[in-house]
Amino acid sequence: MEKIVLFGGGGHAKVIIDLINACGSYEIAGIVDAQLAAGVSVSGVTVLGDDRILSELYEKGLINACIAVGSVGDNSKRKALYEKVKHAGFSIPALVHPSAIISGKSQIHEGVQIMAGTIVQTGSLIGENTIVNTGAIVEHDCAVGNHVHICPGATLSGNCLIGEGAFIGAGATVLQGVKIGSNSIVSAGAVVIKDVLDNTTVIGVPAK
Ligand code: JB2
């Protein structure tokens, strides 16, 4: 079985470890973490060191990586780490939980993480390094940009456009055809009924 290295060893990494074990497609070789000491165990996976061992790991033949740092509101850290790891030569495969329902007519790009119980409907595209978190729904013909986080239980209705780096909070709903701008934040539980500009935070029902 091919090996994979996780970058990040916090809460998101625990969910990723479960996902990879459920898929059975990779053996987890270890975790690279900015703060945890080498030798520490996270869900039974050992921390190998920090980002300084990136090239060493690659040279040893560990060529598959997973960005296991999540995000709360700001996806820029995840984006920067993805770009650093990719630049070092690693392959960052899409990971899809076996319980997710993914239309064969959707497109799932590199580094996407699709968690347990999600649905991605026909004609939708999920951009690089985006998280579709536990139980989220992406309805038909949505275009979700790179480095987006769709949080647990959020729903994108059909034909939504989600700009790069946007954050769709837990349980939020985006109505059909609505566009969310790049790096914008939809707060948890919001119901978005009209377009949101770039770099804008909206809250409430209807979201403002
Ligand atoms: O640049 C980095 C880096 N920055 C932070 N490189 C590496 N290799 N690791 C990094 N980290 C590590 O990510 C931190 O040292 C820390 O161990 C981990 C982040 O853990 P935390 O639990 O704080 O956050 P998270 O990103 O795993 O999870 C958040 O986002 C998820 C989507 C949490 O809030 C979760 O509740 C949420 N589900």
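This short talk covers the ligand site, the largest pocket and the cavity of one structure.

Good morning, colleagues. Please keep in mind throughout that this is a predicted model.

I begin with the ligand. Its shell consists of 16 residues, and the closest are Gly 11, His 12, Asp 33, Asp 51 and Gly 70. Sorted by class, this shell holds eight polar, five nonpolar and three charged residues. Two helices deserve mention here: α1, which covers residues 11-23, and α3 each provide at least two residues of the shell.

Which atoms of the ligand lie opposite polar atoms of His 12, Asp 51 and Ser 71? For Asp 51, the partner is a nitrogen atom of the ligand, which lies 2.7 Å from a polar side-chain atom of that residue. His 12 takes part through its backbone: an N or O atom there is 2.9 Å from an oxygen atom of the ligand. Ser 71 likewise is placed with a backbone N or O atom 3.3 Å from a ligand oxygen atom. As for cover, the ligand taken alone exposes 770 Å², and the protein buries 68% of that area.

I turn next to the largest pocket, which holds about 230 Å³ of space. Its lining includes Asp 33 and Asp 51, both of which I named among the closest residues to the ligand. Also in the lining are Phe 7, Gly 8, Val 32, Ala 34, Gln 35 and Val 69, together with Lys 77, Ala 80, Leu 81 and Lys 84. Which element gives the largest share of this lining? That is helix α3, residues 76-87, with four residues. Helix α3 also supplies at least two residues of the ligand shell. By class, the pocket lining comprises six nonpolar, four charged and two polar residues.

Finally, the cavity. How many cavities of 30 Å³ or more does a search of the whole structure find? The search returns one, and the space within the largest cavity is about 30 Å³. Around it are Ala 65, Cys 66 and Ile 67, then Ile 92, Pro 93 and Leu 95, and also Gly 111, Gln 113 and Asn 129. Strand β5, residues 65-67, contributes three residues, the largest share of this lining. The cavity lining has six nonpolar and three polar residues, with no charged residue, whereas the pocket lining has four charged residues.

To close, I would return to Asp 51, which lines the largest pocket and places a polar side-chain atom 2.7 Å from a nitrogen atom of the ligand. Thank you for your attention.

Methods
Residues are numbered from 1 along each chain as its sequence is written. This is a predicted model: local features need pLDDT of at least 70, side-chain atom pairs count only at pLDDT 80 or more; totals for chains, interfaces and linings use all residues. Side-chain values use heavy atoms; hydrogens and water are left out. On a 1 Å grid over the protein atoms alone, a cavity is a set of points where a 1.4 Å probe fits but cannot get out, and a pocket is an open set with protein on both sides within 12 Å along at least five of seven lines; lining residues have an atom within 4 Å of a point. Grid points are joined across faces, edges and corners, and a volume is the space filled by probe spheres set on the points. Ala, Val, Leu, Ile, Met, Phe, Trp, Tyr, Cys and Pro count as nonpolar, Asp, Glu, Lys and Arg as charged, and the others, Gly among them, as polar. A residue is near a molecule or strand if one of its heavy atoms lies within 4 Å of it. A polar contact is a pair of N or O atoms within 3.5 Å; within protein, one must be able to donate a hydrogen and the other to accept it, and residues adjacent in sequence count only if both atoms are side-chain atoms. Accessible areas come from the Shrake-Rupley method with a 1.4 Å probe; for residues, only the protein chains shown count as cover.
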